Amino acid sequence: MDTLTIEQLTAKRCIACEGGLPELTLTEVEAHLAAVPQWHLTHESERIRRDWWTTNFLAGIDFFLKVTELAQREGHHPDLHLESYCHVWVEIWTHAVGGLTENDFILAAKIDQLPIKVREES
């Protein structure tokens with residue numbers, strides 16, 4: 001499988017899934033991760049996750065609102081987490097197949113393009 005670029009992923013749309021999409025193999029997952037390198041595998045390679053530290057609580061909530069609007073348009077819904085008032089993370093997998101599909105990487109690539117106010121590293 002060829003490594004996909006972020007441009008190729010963001011040009012695609014999520015496909016409605018009620019269990020009909022094929023789960024990606026670990027080799028396919030690793031190829032897709034190359035396009036979204038700030039995401040990492042979790043839950044025994046069945047999910048992908050990315051973390052951010054926002055400037056404040058409202059910046060995290062604002063980001064989540066942008067993610068929810070995107071998720072609704074794509075028809076693919078991630079898990080959103082807020083901890084310690086400014087640590088946010090998003091976890092994605094295709095619930096209907098219990099693992100990762102191309103939809104997850106399409107959504108991750110599009111989330112990466114959303115504006116977010118992050119803390120400067122010290």
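**Entry 1: salt bridges, ground rule**

I count a salt bridge when a side-chain nitrogen of Lys or Arg lies within 4 Å of a carboxyl oxygen of Asp or Glu. By this rule I get seven salt bridges. I keep in mind that I am looking at a predicted model.

**Entry 2: three of the pairs**

I began with Arg13 and Glu74, whose side chains meet in a salt bridge at 3.8 Å, N to O. I looked up where the two partners sit: Arg13 is in the loop between α1 (6-10) and α2 (26-33), and Glu74 is in helix α3, so this pair links distant parts of the chain, 61 residues apart. Is Glu74 buried or exposed? I find it buried, because its relative accessible area is 7%, and the cut-off for buried is under 20%.

Next I checked Glu91 and Arg47, which form a salt bridge at 3.3 Å, N to O. This pair also links distant parts of the chain, with Glu91 in strand β4 (residues 87-92) and Arg47 in strand β2 (residues 47-53), 44 residues apart. Glu91 has 6% relative accessibility, so I noted it as buried.

My third pair was Asp62 and Lys66, with a salt bridge of 2.4 Å, N to O. Both residues lie in helix α3, four residues apart, which is about one turn of the helix. That spacing made me recall a general point: an α-helix has 3.6 residues a turn, so residues three or four places apart point the same way. Asp62 is partly exposed, with a relative accessible area of 35%, and Lys66 counts as partly exposed at 22%.

I then looked for shared partners. Salt bridges join Arg13, Glu74 and Lys110 into one network.

**Entry 3: the chain as a whole**

I stepped back to see the fold. I count four helices and four strands, and from the N terminus on they run α-α-β-β-α-β-β-α. The radius of gyration is 14 Å, close to the 14 Å from the globule rule for 122 residues, so I can call the chain as compact as a globular protein of that length. The C-alpha atoms fill a box of roughly 40 × 30 × 30 Å along the principal axes.

How many of the 122 residues count as buried? I find 43%. I also looked at contacts between residues at least 6 apart in sequence, and 71% of these join residues at least 24 apart. The accessible surface comes to about 6900 Å², and carbon and sulfur atoms hold 51% of it.

**Entry 4: the core**

The largest nonpolar core has 27 residues, and those that touch the most other members are Trp39, Ile48, Phe63, Val90, Ile92, Phe105 and Ile111. I asked which elements supply at least two residues each, and found α2, β2, α3, β4 and α4 (102-112). Helix α4 gives the most, with six residues.

I followed Ile111 in more detail. Leaving aside neighbours within four places in sequence, Ile111 is in contact with Trp39, Trp52, Phe63, Val67, Leu70, Val90 and Ile92.

I also took a look at α2, where Val29, Ala31, His32 and Leu33 are buried. The buried residues of α2 pack against α1, β1 (40-42), β2 and α4.

**Entry 5: a glycine in a loop**

Where is Gly99? I located Gly99 in the loop between β4 and α4. Despite that loop position, Gly99 counts as buried, because its relative accessibility is 0%. Not counting residues up to four places away in sequence, I see Gly99 touching Glu23, Glu46, Trp93, Thr94 and Asp104. I also checked Gly99 against Glu44, which is 55 residues away along the chain, and their C-alpha atoms are separated by 9.6 Å.

**Entry 6: a nonpolar patch outside**

Last, I turned to the surface. Which residues form a nonpolar patch there? I found Phe57, Leu58, Leu82 and Tyr85, which have about 430 Å² of accessible area together. I picked out Leu58, which is found in helix α3 (residues 57-74). Leu58 counts as exposed because its relative accessibility is 63%, and the cut-off for exposed is over 50%. Helix α3 thus came up in my notes with exposed Leu58, partly exposed Asp62 and buried Glu74.

Key:
Residues numbered from 1 in each chain as written. Predicted model: local features only at pLDDT ≥ 70, side-chain atom pairs only at ≥ 80, totals over all residues. Heavy atoms only, no water. Patch = residues over 30% accessible without salt bridge, like charges linked within 9 Å, V, L, I, M, F, W, Y side chains within 5 Å. Areas by Shrake-Rupley, 256 points an atom, 1.4 Å probe, with all protein chains shown as cover. Buried < 20%, exposed > 50% of the residue type's maximum accessible area, 1.4 Å probe, protein only. Rg over C-alpha atoms; globule rule 2.2 N^0.38 Å. Contact = heavy atoms within 4.5 Å. Core = buried A, V, L, I, M, F, W, Y, C linked by side-chain atoms within 4.5 Å.
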